[in-house]
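Reader: I would love a close look at a single part here. Could you take one strand and walk me through its surroundings?

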Amino acid sequence: MTTVTFRKATLNDLDRLVDLLIRQKRLNEEFDPLLRLREDIAETGRKYLEEAIMSENSLVVVAEADGRVVGFLKADIKERLFYYPKTEGNIVELYLLPEYRRKGNGVKLLEYAVNILKERAEIITAEFPSLNEIATRFYTNLNFRAIISTYARETIIKK
Amino acid sequence: MGVELEKSGKDAVRVAPYYAGKYEIVPKIPIKSLRDFAVWYTPGVASVSKAIVESPKLSFEYTSRWNTIAVVTDGTRVLGLGDIGPEAAMPVMEGKAVIFKYLGGVDAIPICLNAREPEKFIEIVKALEPSFGGINLEDIESPKCFRILDTLRESMQIPVWHDDQLGTASATLAGLINALKIVGKKMSDVRITLLGAGASNVATARILEKAGADPGKLILVDSRGILHAERDDMDELMLKNPWKYELALKTNRERITGGIAEALEGADVLIAASKPGPGVVKKEWVRRMNNDAIVFALANPVPEIWPWDAREAGARIVATGRSDFPNQVNNSLIFPSVFRGALDVKATTITDEMMIRASQALAEYVPEHKLSEDYIIPTMDDWRVYIHVAASVAEQASRQGVARTPLNYDEAYVKAVKLIARARSILERLMKDKFIKPFPEG
């Protein structure tokens, strides 16, 4: 089996990262009708990732196998205004291509990122759709627990 | 063909009310007066019940269970008709039940369930277990059929078979074994393209791997093109069709992308089980296949490509699902004997190995000297083929330890002959004595 390695993303990874980001969002869409993909996701996603790669306060790491990017993780460093601990590493994206799953690569990717984040963050949080049971299982198994919930409804309730 | 189809359809509707169903239950015990029921029914029968309480296994000896299976459907994917519901599925299930009896000597009870929810369906079928020696699932839509079969296979102590998956896959494997013999290629070497990724081809891919094919050399093509590990609907498949998802991960090692044309480039074998042709598979695509190409075009009523077109495009061996062309790949060659064999040893399950053994037995029934491009699979006319396959399946079950009453090949052969012959002679006698009315000409 090919070994998967991890490194920080560069702008050269952008094309591939956009593809992976769209796959991840499409997976979320499968779980919840309130997560319908926007048509301009490719452009928006590219800008979003580009900014994250350039930003001091974001971290984008990639998983690589056979010289190809096969997964990625994006986290943001945030200050928590009202609570201790004061600094937070907030994981907002995590995706691995199917054939690299169930082999411990997701955990390794996360640990690789946490290892970098811990320099500047005392607490690690992860954000994902509530109905994404795969993500729920993944993080729960790694001792994460729900801390804040986002509830949603449409502004006009359809009868 | 069109005309024939129309004629058989007209006949079927005309005689359906005349016969009002295709089977009935006839006692097989002597009844001369009501007094006999003191033995067949209460009070005598209580002792039989007590014995079964003592030893539940005796229900396979003391009741009809040993030779009775349920043919169960929810009517969600009946023939080419689609989701027609359980009532409309009944005539089809009755027909299937009668084939079971005629070809396999198996008593099959059609059961059409008002249960579209897989969980409910599973629960009901599980609850049927005490009455039957086996379950034949039929005409259930994909992908729920995969979960239903896998769950029931794991949780029941009697054989569970989904004919649209396993029967077709098994017959296909039989044909392929012989076709490869003719062209002198090995199962582990050939590149096999499977067109269509529904019930039968998903099952075929799984069984081909078990039978020695290299999964990396299987290429599956569905309505969205060639399946591969990075296709952009993979996450959707993971959630909605994990069986296809698993296949996407392990097949197509070279990561070929595109459609049927690309999938056939250099392929040794095409197994098409997709949608009725002609023209679903084009001649120019078959031309791109490897030398001595093997083409199975299994869609009914019209194969994906006409056999003569496939031949002209360079295919050396062509099989279809039709009886009016050579090499009919037909699950009717498999299911009656698989159940005959499984029931004869009171098997607890039908393993993949029993299924592969059935395919091999069917393949080896064609003697070497008769094996040819136009004869790779036995026809349904020779009823001894069923006995050979049944005995082989029974023997395999016994070897694997899934037989409640193990038998060797010869013992199983004798048993199967008797039961199949008995079914046929009873039928002949009933027709002769006009208990079964002659077919009304119209």
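Author: Happily; here is a walk around strand β3 of chain B. This is a predicted model, in which local features need pLDDT of at least 70, side-chain atom pairs count only at pLDDT 80 or more, and totals for chains, interfaces and linings use all residues. Residues are numbered from 1 along each chain as its sequence is written, while chains are lettered from A and ligands numbered from 1 in the order in which they are written.

Strand β3(B) spans residues 134-137; strands (E, at least two residues) and helices (H or I, at least four) are DSSP runs, numbered from the N terminus. Both of its faces are covered: Gly134(B) and Asn136(B) are buried on one side, Ile135(B) and Leu137(B) on the other. Buried here has a cut-off of 20 or more other C-beta atoms within 10 Å of the residue's own, with C-beta atoms placed from the backbone.

Now for the neighbours, where two strands pair if DSSP finds at least two bridges between them. Strand β1(B), residues 68-73, runs parallel to β3(B) and is joined to it by four bridges. Asn136(B) is the bridge partner of Val71(B). Strand β4(B), residues 160-162, also pairs with β3(B) in the parallel sense, over three bridges, and there Asn136(B) has Trp161(B) as its bridge partner. To get from β3(B) to β4(B), the chain passes through helix α7(B), residues 144-155, in a right-handed β-α-β crossover; right-handed means that, with the strands pointing away from the viewer, the path from the first strand over the helix to the second runs clockwise.

Notes: Buried ≥ 20, exposed ≤ 12 C-beta atoms within 10 Å, placed from the backbone.
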